[in-house]
Each structure stands twice: as C-alpha cells, then as structure tokens.
Amino acid sequence: QLDRQYPPSAQSYDDELYRALGLAGGSGALRKALTAVRKDVALYDPVTRRSYVQAGKDKRDAILHQLVHALQDQHFDLRRVELLKGRRDASLAASAAIEGHATLVAGILGADHGGRTVLGHSGDRLREFLDLETSFASTTGLRFSAGLRNLGGNKAVFGSLRRFPETTEQIFHVDKFLARERALPIILPVSVGGLELASDDTFGELDVRALLAVFSVPRLDHVGEGWGGGRSGLYRDSEGRATVLVALDWDTERDAAQWEEAVLVYVNEAFDADLPGFPAPVSCAATVCWQIGTRAIAFEREGARTALAFSKTSADAEALALAIVPAP
C-alpha cells in the first residue's frame with residue numbers, strides 16, 4: 001500500500017530533495033526512514049476495501065477507527081486520493097481531512113482514537129521530518145475537522161470529504177478552506193542554461209513548517225502562515241548532476257522577508273552548525289549565496305516571490321534562483 005500511495009518514482013525524487021535540503025545523507029535514506037517511521041497498528045485499504053488490525057489490547061478501538069474509514073469510503077470514495085499522485089501538498093491535505101474526521105468520530109464513540117499510526121521515535125533529521133508530516137493527518141487534521149464541526153456541524157465536515165482540501169494551508173487555517181483559497185501558481189522553466197527540469201512537485205505550508213522545525217528555526221509558525229504557493233524542482237546538467245530548487249510565493253512582501261530571515265538561520269543550522277557564527281556569504285548576483293564545502297546555495301527574493309537553489313556549482317545555483325524570481 002505504501003508503494004502504491006507513494007510510488008518509487010516519487011520516493012526517488014523526494015530522496016534527492018531531502019538530501020539537498022540537508023535532511024538526509026546518502027542515497028536510499030528515505031526508504032529506510034519510511035520503514036522505521038510508518039508503524040501502523042491498523043489500516044484501511046480503499047482499493048481492496050479491506051481493513052487490517054494488529055492484535056493487541058487496543059484492538060477494539062483500532063477496529064472502530066477502521067470502520068469509520070470504511071464508511072467514509074462507502075459514502076465518499078477514498079480511492080480519489082490515488083488521483084492526487086504527483087501533487088504532494090494536495091495529497092497530504094486530503095489525507096488530513098480523512099484521518100482527522102476518522103479520529104474525531106472514533107474518539108467520540110470509543111475510549112481512545114484507536115487505529116492511529118504509532119510513530120517511531122526519530123534519531124535523525126529525516127525521521128523527525130517524516131514524523132511531523134506523518135502525524136499531521138491525525139493531529140492538525142483532527143483540529144481541522146473539529147473546527148469545521150463547531151462551525152457548521154457534520155454537514156461542514158462531510159463537505160471536506162466530498163471535496164477534499166487542496167492545500168495543507170487549508171488544513172492549518174480553516175478560513176482558507178472555507179474560502180477555497182487556492183495556492184498561487186508557480187511555473188518552473190523547462191531549462192535554464194545547461195540545466196534541464198527532470199521532475200517537480202508542490203512544496204506546501206506543512207513542508208515549510210516541518211523543515212524549519214527540524215532545524216529549530218524560531219517563529220516557524222509566523223513564517224509558515226504567510227505561505228501563498230510553493231513548488232520544488234529537480235534539474236540535471238548534461239553529466240547528470242543535480243540542482244534542486246524550492247520556489248515559494250508569499251502572501252505579502254513582509255512574509256517573504258520573514259522567510260528570508262528564516263533561511264539564514266536554516267542554512268547555518270543545516271550546513272554550518274558546528275562553526276560559530278553564520279556562514280559567510282560569497283559574491284553573486286542573487287540576494288545572497290553561500291559555498292559550504294561542496295554545496296553551493298543561492299537565495300533570491302524580489303517582492304513576494306523567493307527561490308532557494310542547491311547545486312554542486314555556484315553558477316548553476318545562482319542561475320536557477322535568478323530564473324525563478326522575476327527581475328524588479
């Protein structure tokens with residue numbers, strides 16, 4: 001089920017993305033972390049329409065939780081989540097609406113929220129990041145569903161299952177969901193100099209918050225709530241070397257400036273934490289650039305749009321960041 005919901009091609013993309021962001025070390029780290037973090041005591045498979053529950057003292061509550069999923073599937077067709085492959089943020093938002101409602105109902109009917117995913121305690125950055133993103137569905141998703149029910153009763157909650165939230169921003173902020181506020185579109189260039197776009201995906205408010213949380217960047221909630229739209233991209237040169245991009249649009253220029261401030265702390269904590277002081281920038285045409293070991297990083301901000309690029313060469317990182325953010 002994991003590989004069906006999270007195809008190996010998407011895992012390979014995220015594996016490279018996480019390495020560029022400083023979350024993982026060598027290739028294949030994501031697969032190992034996934035098997036360590038995802039420890040389900042129960043699950044419902046909407047494709048086969050079967051429930052699986054691990055035997056144990058919490059079996060009754062776990063069965064109850066999965067029965068709620070079965071009823072959700074009967075009325076709203078949970079297989080629709082499969083259609084969201086390649087739209088990371090939308091998939092996370094839909095899962096939060098589903099799991100939040102199931103956790104809410106199971107908590108009312110049972111002694112506990114049975115059937116929740118039991119997360120493995122993380123011992124490294126990648127597992128911490130995955131812990132935060134995996135638990136989002138049952139924690140923030142629960143607050144989302146409870147908030148909807150308080151505002152409009154079960155009809156409002158069922159509305160989120162009939163038409164899934166489109167972004168994790170809508171899960172964090174119920175008013176954004178009620179207004180059906182969409183993410184600002186970001187179109188990545190197919191080629192930049194000698195770089196060709198190999199793959200891309202969304203990068204939502206949850207991704208921003210989880211990334212900053214792992215590296216203990218302060219005020220991450222204030223930074224994240226200004227998210228307006230986001231996309232990550234993987235580019236390769238003629239020799240197959242990767243350049244990774246995170247492009248973000250913000251609601252206001254102030255929000256973009258807060259992200260710039262957070263990036264300075266993030267770069268230090270992720271790549272230069274052992275040395276006192278912030279890493280010294282290097283000369284470039286972008287807003288700020290760093291060369292830390294073999295890693296070149298370029299950040300560009302203009303107005304409410306920002307770009308953060310990681311590469312082996314400063315020229316590639318700088319060129320990509322400047323190609324995403326329009327000149328003033």
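A pocket here is an open set of points on a 1 Å grid over the protein atoms alone, with protein on both sides within 12 Å along at least five of seven lines, while a cavity is a set of points where a 1.4 Å probe fits but cannot get out. The model is predicted, so to speak of local features takes pLDDT of at least 70 and side-chain atom pairs count only at pLDDT 80 or more, while totals for chains, interfaces and linings use all residues. Residues are numbered from 1 along each chain as its sequence is written, and side-chain values use heavy atoms, with hydrogens and water left out.

**View 1. The largest pocket holds about 1400 Å³ of space.** Its lining takes in 49 residues, and Gln5, Arg38, Ser91, Leu92 and Ser95 sit closest to the centre; a lining residue is one with an atom within 4 Å of a point. As for volume, that is the space filled by probe spheres set on the points, with grid points joined across faces, edges and corners. Helix α6 (residues 125-162) is the top contributor to this lining, with eight residues. Helices (H or I, at least four residues) and strands (E, at least two) are DSSP runs, numbered from the N terminus. Sorted by class, the lining comes out as 21 nonpolar, 16 polar and 12 charged residues. Nonpolar covers Ala, Val, Leu, Ile, Met, Phe, Trp, Tyr, Cys and Pro; charged covers Asp, Glu, Lys and Arg; the others, Gly among them, go down as polar.

**View 2. The second largest pocket offers about 340 Å³.** Fifteen residues line this one, and those nearest its centre are Arg19, Ala20, Ala242, Arg295 and Lys312. Helix α2 (8-20) and the strands β8 (242-250) and β11 (305-311) each chip in at least two lining residues. The split is six nonpolar, four polar and five charged.

**View 3. A search of the whole structure turns up one cavity of 30 Å³ or more.** About 40 Å³ of space lies inside. Around the cavity sit Leu195, Asp237, Arg241, Ala242, Thr243, Ser311, Lys312, Thr313 and Asp316. That makes two nonpolar, three polar and four charged residues in the lining.

**View 4. The largest nonpolar core brings together 45 residues.** Tyr18, Leu21, Leu23, Leu130, Trp259 and Tyr266 have the most contacts inside the core, and helix α11 (residues 253-271) gives the most to it, with eight residues. Such a core is a set of buried Ala, Val, Leu, Ile, Met, Phe, Trp, Tyr and Cys residues joined through side-chain atoms within 4.5 Å. Buried means under 20% relative accessible area, exposed means over 50%, and partly exposed is in between (1.4 Å probe, protein chains only). Zoom in on Leu130: leaving out residues up to four places away in sequence, Leu130 touches Tyr18, Leu30, Ala33, Leu34 and Val37, where contact means heavy atoms within 4.5 Å. A second, separate core has 22 residues, including Ala94, Leu148, Leu161 and Ile171.

**View 5. Eight aromatic pairs are counted in the model.** Rings of Phe, Tyr and Trp (its six-membered ring) pair if their centres lie within 6.5 Å; planes under 30 degrees apart are stacked, over 60 edge-to-face, and the rest tilted. Phe76 and Phe158 make a tilted pair, 5.9 Å centre to centre with 40° between the planes. Phe76 belongs to helix α4 (residues 59-76) and Phe158 to helix α6, so the pair ties together parts 82 residues apart in sequence. Phe76 is buried at 13% relative accessible area, whereas Phe158 is partly exposed at 31%. Phe144 and Phe177 have ring centres 5.2 Å apart and planes at 80°, so this pair is edge-to-face. Here the link runs from Phe144 in helix α6 to Phe177 in helix α8 (residues 174-178), 33 residues apart. Phe144 is buried at 0% relative accessibility, and Phe177 is buried at 5%. Elsewhere, Phe215, Tyr266, Phe271 and Phe310 form one aromatic cluster.

**View 6. Arg49 and Asp77 are loop residues with positive phi.** For Arg49, in the loop between β2 (42-45) and β3 (50-53), phi is near 55°. Arg49 is partly exposed, with 48% relative accessibility. Asp77 sits in the loop between α4 and α5 (88-109) and has a phi of about 60°. Asp77 is partly exposed too, at 28% relative accessible area.
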